[in-house]
Amino acid sequence: MRVIVVGAGLGGLTLAQGLRQAGIEVAVYEQDRPRARRQGISLHVDDRGMTALRACLPPGHLAMAEAAMGGPRERALALSEMDGQLAVMGARPLDGTPTWPGRQAHRPLLRAVLLTGLADAVRFGARCTRFEQRSDGTVRAWFSDGSADTADVLVGADGVGSVVRGQYLPHVRVADTGRRMLMGATPLRAIAGTGLPALIGHSPASLRSDDTMMALGVLRFPQEPSAARARWLPAMDERAAAEVEEYVMWALAATQEQLSSAASPTAVWHRAERLATNLHPVLRLVVAAAWPYATVALRIGTIPAMPAWPASAVTLLGDAIHPAPGFGGNLAMRDAHRLRDALVRAARGEQELHAAIGSYEDTMRRDSFPARPTSTPALDRTAAGTGAA
Ligand SMILES: Cc1cc2nc3c(=O)[nH]c(=O)nc-3n(C[C@H](O)[C@H](O)[C@H](O)COP(=O)(O)OP(=O)(O)OC[C@H]3O[C@@H](n4cnc5c(N)ncnc54)[C@H](O)[C@@H]3O)c2cc1C
């Protein structure tokens, strides 16, 4: 069996690693350059994502993935200002509504782990433009660099703006909610002496002040990343571990109007500074000392739950079919794990290929949308997701 994966994001790379582990040939096509940083620097990885990583990664990769994550996050803290000082006013367990307990990962480092060992399988700078399902059961895909490829299965892991979904399920649309989130990261050294890292530890924390809502999380590595690389995954790009620094990630809720024309990361960062104007001085410093290049504006989009479609040799995973704010990465990795298992069953002759893909899709639809479509529109729920604004 041969599989084409469109998109080298969290889902596509987890799937590629899992297929390779199972001895299934895989080719990944990615439109971006290898070190593009369009999705921010931090990722909360919960049990859904960890289970997928455990199943799909070789042991050294898994150990290095864990070394790319901070300490356990089991409760969310509510911060407030008391007598001019930031203080923890309350804590509630992370129970899956909507955030599960987990750990914060350094996203570029995790991505470097996922790319390790796939150099011969991933082709960068190749945007998928279309595909064709052929009468012999194979799928042929075309790419912007002029190349084309044929395989038994085509997986659209190409994110919220998926070209594969656009051709395969043209009736499925992403709706813009108008809500935006500005996210960034600040080196921990820049806020040394403020007491903030000690106050919140590994826990996610949030604070509401007048109209402003800010979320924060500190990432401290359990072991020095270069030492972890040398120990667990020497094949990983050396620069990926050498360049990383501990940080505090932050997010500010915003509206479409507040962001208006801000396009570049620096412009978005300036908007964030403006949004933080009325916050405590330590929080203003967090935003002011951020890495401008790591500031991202997220557009929160939704895809409504949809009826099943007939399974074929083309399928979708992750944001391409069910974007989800704040936990879409975990769902994408979970999809990758489940799809890997389905394709392994088909490759071993234990299940017919389309039946295996259909059972993966049934489970994916059941678990990724809050409710199945019903005849009562009021009961329809949506899956909401993020994309770079
Ligand atoms: C700033 C930010 C913070 C987030 N925080 C969290 C978090 O803490 N926890 C969490 O679980 N989720 C989080 N998310 C959501 C998470 O990033 C996404 O849900 C996740 O990346 C989806 O994975 P994916 O593999 O489906 O798609 P993506 O990771 O978006 O990957 C899609 C890939 O496909 C490529 N691509 C797109 N079109 C084409 C094409 N036509 N041809 C070839 N390649 C193509 C893209 O360049 C991209 O590399 C966050 C998102 C952002 C932006």
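**A note for all views.** Throughout these legends, a residue counts as exposed when its relative accessible area is over 50%, as buried when that area is under 20%, and as partly exposed in between, using a 1.4 Å probe and the protein chains only. You are looking at a predicted model, in which local features need pLDDT of at least 70 and side-chain atom pairs count only at pLDDT 80 or more, while totals for chains, interfaces and linings use all residues. Residues are numbered from 1 along each chain as its sequence is written, and side-chain values use heavy atoms, with hydrogens and water left out. Helices (H or I, at least four residues) and strands (E, at least two) are DSSP runs, numbered from the N terminus.

**View 1. The ligand and its shell of 34 residues.** A residue belongs to the shell if one of its heavy atoms lies within 4 Å of the ligand. Gly11, Glu30, His44, Arg107 and Asp319 are the closest residues. By type, the shell holds 12 nonpolar, 15 polar and 7 charged residues; here Ala, Val, Leu, Ile, Met, Phe, Trp, Tyr, Cys and Pro are taken as nonpolar, Asp, Glu, Lys and Arg as charged, and the others, Gly among them, as polar. At least two shell residues come from each of α1 (10–21), β2 (25–30), β3 (42–46) and α12 (328–347). Helix α12 gives the largest share, with 4 residues.

**View 2. Polar contacts of the ligand with Glu30, Cys128 and Asn330.** A polar contact is a pair of N or O atoms within 3.5 Å; within protein, one atom must be able to donate a hydrogen and the other to accept it, and residues adjacent in sequence count only if both atoms are side-chain atoms. Look for the side chain of Glu30, where an N or O atom is 2.6 Å from an oxygen atom of the ligand. Cys128 uses its backbone instead: an N or O atom there lies 2.8 Å from a ligand nitrogen. In the side chain of Asn330, an N or O atom is 2.9 Å from an oxygen atom of the ligand. On its own the ligand has 990 Å² of accessible area, and the protein covers 94% of it; such areas come from the Shrake-Rupley method with a 1.4 Å probe, and for residues only the protein chains shown count as cover.

**View 3. Helix α1, with 10 of its 12 residues buried.** Because so many of its residues are buried, α1 is largely enclosed by the rest of the structure. Among the buried residues are Leu10, Gly11, Gly12 and Leu13. The end C-alpha atoms are 17 Å apart, in agreement with the 16 Å that 12 residues should span at 1.5 Å a residue; the expected span is 1.5 Å times one less than the number of residues. After the helix comes Gly23, with a positive phi near 80°.

**View 4. Strand β12 (residues 153–156), covered on both faces.** Val153 and Val155 are buried on one side, and Leu154 and Gly156 are buried on the other. Two strands pair if DSSP finds at least two bridges between them. Strand β1 (residues 2–6) runs parallel to β12 and is joined to it by 4 bridges, with Ile4 partnered by Leu154. Strand β18 (residues 314–316) is also parallel to β12, through 3 bridges, and its Leu316 stands opposite Gly156.

**View 5. A polar contact between Asp149 and Arg2.** Asp149 sits in strand β11 (residues 148–151). Its relative accessibility is 12%, so Asp149 counts as buried. Its side chain meets that of Arg2 at 2.8 Å.

**View 6. Helix α13 (residues 353–368) and its N-terminal cap.** The 16 residues of α13 reach 22 Å from first C-alpha to last, close to the 22 Å expected. Glu352 caps the N-terminal end, with a side-chain oxygen 3.1 Å from the backbone nitrogen of His354. The buried residues include Leu353, Ala356, Tyr360 and Met364. In general, residues three or four places apart in an α-helix point the same way, because there are 3.6 residues a turn.

**View 7. Backbone details in the loops.** Between β6 (85–93) and β7 (102–106) you will find Pro98, and the peptide bond leading to it from Thr97 is cis, with omega near -10°. Asp83, in the loop between β5 (75–82) and β6, has a positive phi near 50° without being a glycine. At 79% relative accessibility, Asp83 is exposed. Asp210, in the loop between β14 (205–209) and β15 (212–219), has a positive phi of about 50° and is not a glycine either. With a relative accessibility of 65%, Asp210 is exposed.
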